[in-house]
Amino acid sequence: MYYAELFCQSNFSFLTGASHPEELMQRANFLNYQALAITDECSVAGIVRAYSEQQKHQLAIKLIIGSYFCFQQNLKLVLLCPHKEAYSELCRIITNARRRSEKGEYQLEEWDLKSCQHCLVIWLPQGDKEQDNHWAKWLIRHYPQRLWLGVQRHLTANEQSYIQHCKQLAEQYQIPVTACGGVLMHEAERLPLQQVVTAIKEGIPVAQLGRDLLSNAERALRPLDKIKSLYPEQWIVASTHIAQRCSFSPSELKYQYPEELIPKGYTPRQYLRECVLRGMAVRFAQRPDNYFGIKRTIAKELRLITEMHYEYFFLTIYDIVQFAKQQQILYQGRGSAANSVVCYCLEITSVDPRQISVLFERFISKERNEPPDIDVDFEHERREEVIQYIYQKYGRERTALAATVTTYRFKSALREVGKALGIAEVQLDYFIKNINRRDRGLDWQAQIVELGLASNASQSEKLVHLVEELKGFPRHLSQHVGGFVISAGPLYQLVPVENAAMPERTVIQWDKDDLESLALLKVDVLALGMLTAIRKMFQLVWVHYGRKLSITDITRKQDDANVYRMIQRADTVGVFQIESRAQMSMLPRLRPKNYYDLVIQIAIVRPGPIQGDMVHPFLRRRDGKEPESYPSEEVKAVLSRTRGVPIFQEQVIKLAMVAAGFTGGEADQLRRAMASWKKNGELMKFKSKLISGMMHRGYNYDYAERIFKQICGFGEYGFPESHSASFAILAYVSSWLKYYYPEAFYTGLMNSWPMGFYTPSQLVQDARQHQIRVLPVCVNRSHWDHLMEKQQDKFAIRLGLRQVKGFSEDAAHKLIKNRPQSGYQYVSQLKQLTIKSNELQALASADAMHMIEKNRYQTRWALLNTESELPLFNELHEPATGYQHQPDDIENLLEDYQATRLTLKQHPIALLQANGKLDKFVCATGLAQIRHQAIISVVGMVTGRQAPGTASGVTFITLEDHTGNINVIVWRATARAQKQAYLKAQILKVTGILERGDGGVTHIIAGKLEDQSHLLSQLTTRSRDFH
Amino acid sequence: MKKLWLYLHFPRLQMDCQFLAEQHRPVIILEAKDNSTRQLNELASKAGIKPGMGLGTACALCHDLHVEPYNSDLESNKIKQLCDSLYQLTSDICLFPPDGILLRIHNMLRFYDGLDNYWQAISGTLDKNNIRYHYATGATPFAAKILAQSQWDQVCEDRQQMHQQVLAQPLDASELPTRVVDNLKRVGIRLIGDLAAMPLSEIARRFDIQLVTYMGRLLGELHHSISFYHPEKRFNRRLELLYEIDNTQILLPPIQLLLQALEDFLLIRDQVTEELLLNLHQREQASLTVTVNSAEGEYRAKVWQTLMQLKLESVQLQSPVYALSLETGNTHLKTPRADDLFSGKKTALSQTQLIAMLQAKLGQELVQQISLHNDFRPEQVNRYQNAGKALSPLPKLQANRPFFLLSEPQKLNEKVRLLQGPERIVSGWWDDHAITRDYFIAHSAQGRWYWVFRTAEQRWFLHGVFA
């Protein structure tokens, strides 16, 4: 017996379907269905996953594409796609319906249905005699030969009369009948979850929905014998007839690239070649030694591009970066394909081939049939211009962003399921807050009954089970960060386009994984704060030193020893990628001295390698303390560049192929599993294959298991070498600028804030420690941005008005525009500008008028004087009578922080010390003199708290005093015992043991924590808490 | 005569009312609007929790913390009760809800022969209530308030001393809006004294009239008119129990307290009442109202106590009671009764009154009405609920349902012919009353139309009969 299920919704019919497309495919296949149609409501978002599942496991069942629609509340039908034209038609209908409405909604119009010429239609009558008669007539008129009446049997009350009604309609209007299931879940056991998501959708707990829920679990995929007993044979056979007419498969989807990229008279290959050659002449004006080798590589790369038909892809990106170049927007290409000579010539990237000759040849992997991977980072402040260019050039019809599927995570799942089960929100909040502690000792499930979330064991079991099921369910589609899909013809012929939440933005219904599965190309247009900062730094160097710089200029100079010495000293606050606490503690040990060392440095200091225990072996071997040994030549070829320790994602993939015999396709699956293993534990499936593959090739079990453990450690965090290479460029450039043009460096950085790891306060501290003078915000000297101000023969940094909290750019322009030559001399002059009073207050608070009034109290007192606002009196400048108040040092300090988030006066710690409020302690610069394992006390402002999930229960706290930063390690037991100080302190005194590791890296292991915040209450430096 | 005011401030009123007995666990009272700690007990304070602290931080500092939402009505009611008891001693009272009382005392002192005696009387009454309070005298209402809130805890008539004390208070403690106080602090003016020292012209040029008015009232330069409290006409008093009580007999002593207060109330007004409503506030359920009637108007606590006791014997508590409140029905002046005790009064009762009376006489559980519940499971649809509650409407179900539904499905023993069905119902997993049944309409040999069902184990039951 054969049967095809033609009406089935997955969980991409958000909050209606209760099973993943993959689950539906597997189950239907298991039940021996001939075919399954995934027909989500006005959407094809789920079909790619169903298709991938079918391909991956070679399922026998056929997949049919379709969609379910409701029109005017009483016409419900399913449209199925027999061939590609019908599919395009369906996408068009969905696009029109979705574009008419807000995000998440759709509105069908009669025209849409009338214009449907190719799809097969299954009508689902609603039971109302009048309406059904009306629609029957309408449908047979518009869809002759393509119309069926679909009857569902759900064993509900009065189903008999409904079936009679359908039979009557079928006979009266001569419409053939097909059986269909109206499936919402793959198995009956999913019923509770289906009802929970209904509850979530309605916002009412399950227990109160009563008859609005499904009355039973018949809307699941049912076994064939059941189907046989429910429907007459004729109807079952009709389903297979329909299925047989459908032969469309997503593999048929390919799209054309826009033609305007290629000028007339050229073929794509010719044009690409010309651009590359043109670029080559510029890039290699001074012929390098291996010039012919380079030419050979270019030829090889171009051949490969042509073979795979990727010319358009490269030309599209070339066009975009040319636009950026014209507009003087800094950009940087990144990714495996980016680090090719072709891309260097096309100016997509600045990685000089002489440097990348050591990189992997992973340019385009033909054997893996993988599309080229190029991300382009643009200055974050100007990325929007690039996006607008793309929209303008290709039009809204031909380009859209890829989607991101937002799924339920643990917290949101717990909250929603809890609400659906009737648990009070306050309780849920309390529970979530209480388990989200850094102490993750106890499993959340064990704590449920304890914390009063469920009244008994069976309730708690249900809660746990439902939350686990809901995790990973899609909630809605939102727009991807910057992945654009661009096509020659209208996009909606390929995939439906819907509205995103942002106005004027449209999104396709598939996400980047779906695009990859179908081998469709996308262009990633991303934003990077450091590029903005670098451009600003270049601009400052040009203005103040007359020197024009570019990224390529700097990298061409190769490895400057001065710069690397600075890096090895870990003097890298503000430098791209190597400024974090973890990086800085690793730099003196790894001691990078050339470009490739930087590439390793960036990739190795991440949770992945740390967790997989790669760092220590690497260091030991690099220092000669441990021999490098390779079990075979193949492994050596892969791992010798990193001394036998796998650090890069590419190495793992390559190992899988050469050492364990994975095919290109399997290696690709492994890569994908690594990227998302936290979400679905797919990685474990590869364990036996990898280990057995390696053992088969003669590697011993221990080695194989070690490699697998390292792979697991990689997880999502393993960094591709190609990305690391691009980042290393920017790390080097920013370090170079910090070394040679420090004033420009800090100024450019602060003008691009927010970005990076450090706050302006910390950057200013670092600048001052480098002997750079920083001048306060001043109404007579500052502009909106921070500036470099000439002071005798050096430059100082003048803080800009942007640093004042509560002061707007508009107000700043007014202030500057009206500024007299000799500056403002009276507060009343400022009052006459049309600046809002609260903004003037902000200026006063920042003590920006210090050239006019002695202190901020005086300034404010003067500002409050309403008399001077009267026109007759504005020339009158009375001295304040009877007013004597002035702030003391601590008040000044507090307000500095409150108003500008930093201070240029004494550091709070220095101030407290000068006022005798602190007991004996060692300052940051003094730590070098203390011997290893001595017991000391340190005091500082808490500027960073990091609890990386990998380090078992340890928190790293950074304390800042007036001489620098101090690294403190707090173990879990210490944290628990002194919870108050640990959690609350903004100024912390730590007594503990000093530990000095190799390279001179110093930590304090905390013993006693004392909260000293009360000494400077109301301090407004908030530390950035990372997890 | 120079005016003198006394302010009473109750810093932890809700905590004292509800949790005074509980010293073994840390408790905080939470302001719901911003989840900040408003009141806390000793144990909570020892754990490091401070007023104003957020809920998350407080929980982190103290795992077994008990959190109670802030209830300003509770505090206001308590204040009113205190006013009533103070009204016996002093005439001019003004409420500052939720946690303050102001007394105008200069014209009362002569009745008490001096401030000390007066204060002894007042404090005596307050102490009986077992709540914490701070107090202070002042030359003006605002002065007394600011001093009491600063925990000065002194009564005196020395104007100089009181004035000095006021000047030393920080502006934060004043009634000025936070915005204004911040602006003043930002020009270095922090204390009342600082502000008072500034020339008025400078102040007037910079701040609005409200500041000037406040300072004037505070320092006595401007008149501050106060409207005084008038005791309520109707008696409605609430008593928070120190611990939860689930036995009606143990409720009697607290009820006694309420009845005594009632007697005082009625006595002063020379009133009586025929009906009392006692609300028992229960933790997990809606509050239970016990109505007690007396054939003729009564004010004596003793009499009501007996009636109440009898009534309570038939009351079953489903869950513990945490508070009681007592209110009267209509009250009227005591009139000498001229008519016959047995003449029998005719009163027209409304439906709710009838139900209340029946419930009072028979007990609430025996007076029920039928309601329909929205559920697929047939046995869950028909429910009884306590009479008097509103009925909720039911969504339509296009199905045939039997006229008679058996209260318990019975095993099907006879042969029947199945005619309509199955109607499959799989529901109820969420409350441990899950069912998996296929319902059919069947025809028996005797010609009866049955509603039967088959379970997953293939057993047949009879659930209803069609008319």
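Leaving aside neighbours within four places in sequence, K334(B) is in contact with D270(B), Q271(B), V272(B) and G297(B). This is a convenient place to enter the structure, which is a predicted model. K334(B) sits in the loop of chain B that runs between β12 (331-333) and α15 (351-362). The residue counts as partly exposed because 15 other C-beta atoms lie within 10 Å, a number that falls between the cut-offs of 20 or more for buried and 12 or fewer for exposed. A further link across the sequence is with L267(B): the two residues are 67 apart along the chain, yet their C-alpha atoms are 9.8 Å apart in space.

At the level of domains, chain B is divided into domain 1 (5-25 + 64-219), domain 2 (236-335 + 346-361) and domain 3 (401-465). The centres of domain 1 and domain 3 of chain B, taken over C-alpha atoms, are separated by 71 Å.

Helix α8 (residues 159-167) of chain B offers a neat case of a two-sided helix. Its buried residues are M162(B), Q165(B) and V166(B). Viewed down the axis of α8(B), these buried residues fall within an arc of 100°, so they line one face of the helix. Q160(B), Q161(B) and Q164(B), on the other side of α8(B), are exposed. The cover over the buried residues of α8(B) includes β7 (134-138), α7 (141-149), α10 (192-197) and α12 (209-219) of chain B.

Further along chain B, 5 strands form an open sheet in the order β15-β19-β18-β17-β16, with antiparallel pairing. The edges are taken by β15 (404-411) and β16 (416-427) of chain B; each has a single partner strand, so one side of each is left without a neighbour in the sheet. From one strand to the next, the twist averages 25°. Within this sheet, strand β18 (residues 449-455) of chain B is joined to strand β19 (residues 460-465) of chain B by 5 bridges, and the two run antiparallel. Y450(B) stands opposite V465(B) of β19(B).

Chain A can be introduced through its overall make-up. It has 45 helices and 23 strands, and buried residues make up 46% of its 1027 residues. Among the contacts in chain A with a separation of 6 or more, 72% are between residues 24 or more positions apart.

A strand pair in chain A gives a closer view of its interior. Strand β8 (residues 331-334) of chain A is joined by 4 bridges to strand β9 (residues 375-379) of chain A, and the strands run antiparallel. In this pairing, Y331(A) stands opposite F378(A) of β9(A). In a regular strand the side chains alternate between the two faces of the sheet. In β8(A), Y331(A) and G333(A) point one way while Q332(A) and R334(A) point the other way, and all of these residues are buried.

The two chains also meet. The contact takes 37 residues from chain A and 33 residues from chain B. On the side of chain A that touches chain B, the elements giving two or more residues are α7 (191-202), α8 (206-209), α18 (425-435), α41 (856-864) and α45 (979-984) of chain A. The largest share of that side, 4 residues, comes from α41(A). By residue class, the side of chain A that touches chain B divides into 14 nonpolar, 15 polar and 8 charged residues.

Several backbone features deserve a look as well. Most residues other than glycine have a negative phi, and most peptide bonds are trans. The peptide bond from W753(A) to P754(A) is cis, with omega near 5°, and P754(A) lies in the loop between α36 (742-751) and α37 (760-769) of chain A. In chain B, the peptide bond from P97(B) to P98(B) is cis, with omega near 5°; P98(B) lies in the loop between β5 (93-96) and β6 (100-104) of chain B.

As for phi, N158(A) has a positive value of about 60° although it is not a glycine. N158(A) is found in the loop between β6 (147-152) and α6 (159-173) of chain A, and is partly exposed, with 14 other C-beta atoms within 10 Å. Q577(A), also not a glycine, has a positive phi of about 70°. Its place is in the loop between α24 (561-568) and α25 (581-590) of chain A. Q577(A) is buried, because 21 other C-beta atoms lie within 10 Å.

Methods. Residues are numbered from 1 along each chain as its sequence is written. Chains are lettered from A and ligands numbered from 1 in the order in which they are written. This is a predicted model: local features need pLDDT of at least 70, side-chain atom pairs count only at pLDDT 80 or more; totals for chains, interfaces and linings use all residues. Two residues are in contact if their C-beta atoms, placed from the backbone, lie within 7 Å. Two strands pair if DSSP finds at least two bridges between them. The arc is that of the directions from the helix axis to the C-beta atoms. Ala, Val, Leu, Ile, Met, Phe, Trp, Tyr, Cys and Pro count as nonpolar, Asp, Glu, Lys and Arg as charged, and the others, Gly among them, as polar. Domain bounds come from an automatic or database domain assignment. Axes are lines fitted to C-alpha atoms, for helices over the stretch in contact, and angles run from 0 to 180 degrees between N-to-C directions.
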